[in-house]
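Biologist: I should like to go through this model with you, question by question. Please show the sequence and the structure before we begin.

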Amino acid sequence: MTSYRSDLLRTLAERGYIHQVTDAEALDALAAREVVPGYIGFDPTAPSLHVGSLVQIMMLRRLQQAGHRPIVVMGGGTGKIGDPSFKDEARSLMTDATIAANIASIRRVFERFLIFGDGPSDAVMVDNAEWLDGLAYIPFLRDIGRHFSVNRMLSFDSVKLRLDREQSLSFLEFNYMILQGYDFLELSRRAACRLQMGGSDQWGNIVNGIELARRVDGTQVYGLTTPLITTADGGKMGKTAKGAVWLNADMLSPYDYWQFWRNTQDADVGRFLRLFTDLPLDEVARLEALEGAGINAAKKALADAATAMAHGEDAARDAGETARRTFEEGAAGGDLPTLRLEEGRIGLVSALTMLGFAASNGEARRKIAEGAVRLNDVAIADPAYEIVLEKAPMKISLGKKRHGLLMR
């Protein structure tokens, strides 16, 4: 591992965040001698970000912890286009009102992870619509567009993927990388921003911005990307059978969030503890060395720490206690996914699909027939079974890890 002088790059390297860096030596020297404002962009395509964005959020947190200034750039401007990187098709266009509502909702996520304010290392959130919405097309083409090579843009993996599949790539989307490069130039001018970070799929866009700042203003800025975060079996981080693992509590309960981390594969525990918690590295080393049933303690530590960071200590404690009661005592905790029955009865198949335990009625019937479904810990193998609920809540389980409540 490269030996860095700055706390920033040393921490990022030790915890596994670094994939590529432009001029690492110069960036390291800069971070060792002064506060470095750095940014990551997030497009507000939904009211919440999900776990797939968490490594980028944690990078901003590490930046602040090392004494530097995080700049959260919301893509109110670029979000009107959509990043085509590694997408099979164009995103649906959003209205200004939807974008504004999404940004307001997403800000709540960042307030859990970063300290906002006016101090030298306090985080700020900006919207790139501030400078993109007012651009005049002809002057922008003349002053900025002339610095971009179409030949080079066509060589980027994010574009080649769409073209190689003979999938449409609109001129609107093709402009995205020019606008993202322009973001870096504007942030360099407005906030003395010297660093852009992002996932490895953003490398080409980041390099575009670095070169634009050098050509237009003669400013030296830097880029740093993280590796693609996948699970040990090669799956995409944050994708589950129930869908995206959202970071806002109103889109995914703290209990379900806790369970996501608790269900981490054994081989991923140490890496995820380094990336997604603030636990000291010596404690991470101790936890990931646990074997056999002991690895469950490491998974609980990961779930507790990750949930406390996203939802607060109380929510993490409640989720852990609910899980303990459910799995260790067989009781039904109050934070489980809940389905309220107005009529007091429902088909077992419908209950599974409405709780999100099965994607379709057919899948639900198969799970029941396989003996994977239990009511109050009693296996039910009849797909036609109708649940009749009295006053007490009823626990419904799919396998060993999926549990929910049926209530009136």
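Modeller: A residue is called buried under 20% relative accessible area, exposed over 50%, and partly exposed in between. Please bear in mind that this is a predicted model.

Biologist: Is D23 buried, exposed or partly exposed?

Modeller: D23 is found in the loop between β1 and α2. Its phi is near 50 degrees, a positive value in a residue other than glycine. Most residues other than glycine have a negative phi. The relative accessible area of D23 is 43%, which lies between the limits of 20% and 50%, so D23 is partly exposed.

Biologist: What is the relative accessibility of A192?

Modeller: A192 sits in the loop between α10 (176–191) and β5. Although A192 is not a glycine, its phi is positive, at about 55 degrees. A192 counts as partly exposed because its relative accessibility is 38%.

Biologist: Which strands stand at the edges of the sheet that contains β5?

Modeller: This open sheet has 6 strands with mixed pairing, in the order β1-β6-β5-β2-β3-β4. Each edge strand has a single partner strand, so one side of it is left without a neighbour in the sheet; the strands in question are β1 and β4 (124–127).

Biologist: Which residue of β6 stands opposite G198?

Modeller: Strands of a sheet pair through backbone hydrogen bonds, either parallel or antiparallel. β5 and β6 run parallel and are joined by 5 bridges. Opposite G198, in β6, stands T225.

Biologist: Which residue of β3 is the bridge partner of F42?

Modeller: β2 and β3 also run parallel, with 6 bridges joining them. Of the 6 residues of β3, 5 are buried, so this strand is largely enclosed by the rest of the structure. The bridge partner of F42 in β3 is M74.

Biologist: At about what angle does helix α11 run to β6?

Modeller: Two helices may be described together here. Helix α3 (residues 54–65) lies across β2 (37–42), β3 (69–74), β5 and β6, and runs at about 165 degrees to β2. Helix α11 (residues 203–217) lies across β1, β5 and β6, and its angle to β6 is about 170 degrees.

Biologist: Which elements do the buried residues of α2 pack against?

Modeller: Helix α2 spans residues 24–33, and its buried residues are L27, D28, A29, L30 and A31. These buried residues pack against α1 (7–14), β1 (20–21), β5 (195–199) and β6 (222–226).

Biologist: Which strands stand at the edges of the sheet that contains β14?

Modeller: The order in this open sheet of 5 strands is β9-β15-β14-β11-β12, and the pairing is mixed. An edge strand here has a single partner strand, so one of its sides is left without a neighbour in the sheet; these strands are β9 (338–340) and β12 (378–379).

Biologist: Which residues point one way from β14, and which point the other way?

Modeller: Strand β14 (residues 394–398) is largely enclosed by the rest of the structure, because 5 of its 5 residues are buried. In a regular strand the side chains alternate between the two faces of the sheet. In β14, M394, I396 and L398 point one way, while the other way is taken by K395 and S397.

Biologist: Which residue of β12 stands opposite L375?

Modeller: Strand β11 (residues 373–375) runs antiparallel to β14, with 3 bridges between them. On that side, the bridge partner of L375 is I396 in β14. β11 also pairs with β12 in the antiparallel sense, over 2 bridges. The residue of β12 opposite L375 is V378.

Biologist: Which residue takes a positive phi in the hairpin of β14 and β15?

Modeller: β14 and strand β15 (residues 402–407) run antiparallel and are joined by 5 bridges. M394 stands opposite L406 in β15. The hairpin has 3 residues between the strands, and the positive phi, near 65 degrees, belongs to G399.

Biologist: How many residues of helix α12 are buried?

Modeller: Helix α12 (residues 254–262) is mostly covered. Its buried residues are Y255, D256, Y257, W258, Q259, F260, W261 and R262. The number buried is 8 of its 9 residues.

Biologist: Which helix gives the largest share of the nonpolar patch?

Modeller: A nonpolar surface patch of about 450 Å² is made by Y137, I138, L141 and F171. I138 has a relative accessible area of 58%, so it is exposed, and its place is in helix α6. The largest share, 3 residues, comes from helix α6 (residues 137–143).

Terms used:
Residues are numbered from 1 along each chain as its sequence is written. This is a predicted model: local features need pLDDT of at least 70, side-chain atom pairs count only at pLDDT 80 or more; totals for chains, interfaces and linings use all residues. Side-chain values use heavy atoms; hydrogens and water are left out. Buried means under 20% relative accessible area, exposed over 50%, partly exposed in between (1.4 Å probe, protein chains only). Helices (H or I, at least four residues) and strands (E, at least two) are DSSP runs, numbered from the N terminus. Patches are made of residues with over 30% relative accessible area and no salt bridge: like charges are joined within 9 Å, nonpolar side chains (Val, Leu, Ile, Met, Phe, Trp, Tyr) within 5 Å. Accessible areas come from the Shrake-Rupley method with a 1.4 Å probe; for residues, only the protein chains shown count as cover. A salt bridge is a side-chain nitrogen of Lys or Arg within 4 Å of a carboxyl oxygen of Asp or Glu. Contact means heavy atoms within 4.5 Å. Two strands pair if DSSP finds at least two bridges between them. Axes are lines fitted to C-alpha atoms, for helices over the stretch in contact, and angles run from 0 to 180 degrees between N-to-C directions.
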